[in-house]
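Reader: Could you take me through the ligand site up close, and then show me what else is worth a look around it?

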Amino acid sequence: MAKAKRQMQDDIKLIDVVVELVDARIPLASKNPDIDDIAKGKARVIILNKVDMADKDVTALWKAWYEKRGFYVALVNSRNGNGVKAVQDVINEACKEKIERDRRRGIQNRPVRAMIVGIPNVGKSTFINTFAGKSVAKTGNKPGVTKGKQWIRLNKNTELLDTPGILWPKFESVEVGKKISWIGSINDNILVPEEMAIDLLNYITSHYSGLIGRKYEVEESLPEDTAASLLERIAQRRGCLKKGGEFDLERAANLVLDDFRAVRIGAISLERPEEAEDAGNQ
Ligand code: G4P
């Protein structure tokens with residue numbers, strides 16, 4: 001890990017702007033805060049990726065939240081390309097001071113150099129492929145300046161470092177770990193599906209009232225109810241039973257998690273700016 005961090009510190013010296021992808025469903029939990037130190041002094045762009053999977057209204061709040069903190073923000077669906085074209089304008093905007101400085105010094109047409117970073121599975125490769133498109137040429141090595149690095153020439157103004165920088169999710173709290181596990185970005189084998197599903201049902205029922213009830217055709221909340229008994233009702237409704245007739249809660253839990261990750265429950269955001277502020281992320 002230390003090696004990866006050193007590599008990124010070296011790469012960052014070569015670039016003007018850090019383009020950081022986060023998952024629009026968990027824009028803060030999927031952000032590694034170490035990058036804020038590593039990228040000090042660089043222009044910063046945040047891409048809220050997978051916007052198709054998140055709640056539009058909450059995503060709009062996150063855009064404003066990050067802008068207030070000095071980031072230039074783009075909302076993107078890298079899979080179908082929505083919003084990807086606009087990223088170029090956002091990068092130009094983020095780099096306008098550098099472009100202006102170059103102009104004053106008589107340097108013309110020096111391309112802006114960008115690097116994509118983000119945690120695994122956030123969509124870096126998909127984004128690069130969509131953003132760069134098929135027509136762009138790889139520029140190859142430029143001795144002296146970018147030794148050993150491959151750059152993708154996006155247009156006459158922008159070059160992109162070919163390999164994205166991989167950051168690791170930072171499990172700063174139990175809450176962050178939970179959110180990363182809900183979206184399926186860490187290995188499920190080490191986690192207990194029932195616990196994950198119960199926590200997820202708790203979150204969804206308290207923020208999107210009625211959604212789970214309608215999806216699974218069960219009574220969503222009963223007096224004295226808990227998310228655990230909601231999971232039992234889902235197991236019953238879906239016929240998740242073990243041989244002796246006992247509820248197969250593991251199967252029901254995996255069903256809920258799979259439905260969530262495939263956006264079959266709905267476009268849902270799993271964190272909100274006001275909750276982040278309560279947790280001390282000012
Ligand atoms: P990474 O390089 O950051 O590790 O992520 P990668 O591009 O491999 O993307 C991880 C998964 O997320 C892929 O799905 C990819 O299609 C999906 N993805 C990326 N961007 C978006 C987006 O904006 N919206 C949606 N809905 N999905 C997105 P996969 O199932 O692992 O692969 P595949 O079946 O799509 O090939």
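Author: Let's start at the ligand: 15 residues surround it, counting any with a heavy atom within 4 Å. The closest are Asp52, Arg79, Lys124, Ser125 and Thr126. Bear in mind that this is a predicted model, where local features need pLDDT of at least 70, side-chain atom pairs count only at pLDDT 80 or more, and totals for chains, interfaces and linings use all residues. Residues are numbered from 1 along each chain as its sequence is written, and side-chain values use heavy atoms, with hydrogens and water left out.

Now for the polar contacts (pairs of N or O atoms within 3.5 Å; within protein, one must be able to donate a hydrogen and the other to accept it, and residues adjacent in sequence count only if both atoms are side-chain atoms). On the side chain of Asp52, an N or O atom sits 2.7 Å from a ligand nitrogen. Thr126 also uses its side chain, with a polar atom 2.5 Å from a ligand oxygen. Asn121 brings in its backbone instead: a polar atom there is 2.8 Å from an oxygen of the ligand. As for cover, the ligand alone exposes 720 Å², and the protein buries 64% of that (Shrake-Rupley accessible areas, 1.4 Å probe).

Stepping back, an automatic or database assignment splits the chain into domain 1 (2–162) and domain 2 (192–278). Their C-alpha centres are 35 Å apart. The contact (heavy atoms within 4.5 Å) draws 16 residues from domain 1 and 14 from domain 2. Between these two domains, the rule finds 7 residue pairs in polar contact, both residues at pLDDT 80 or more.
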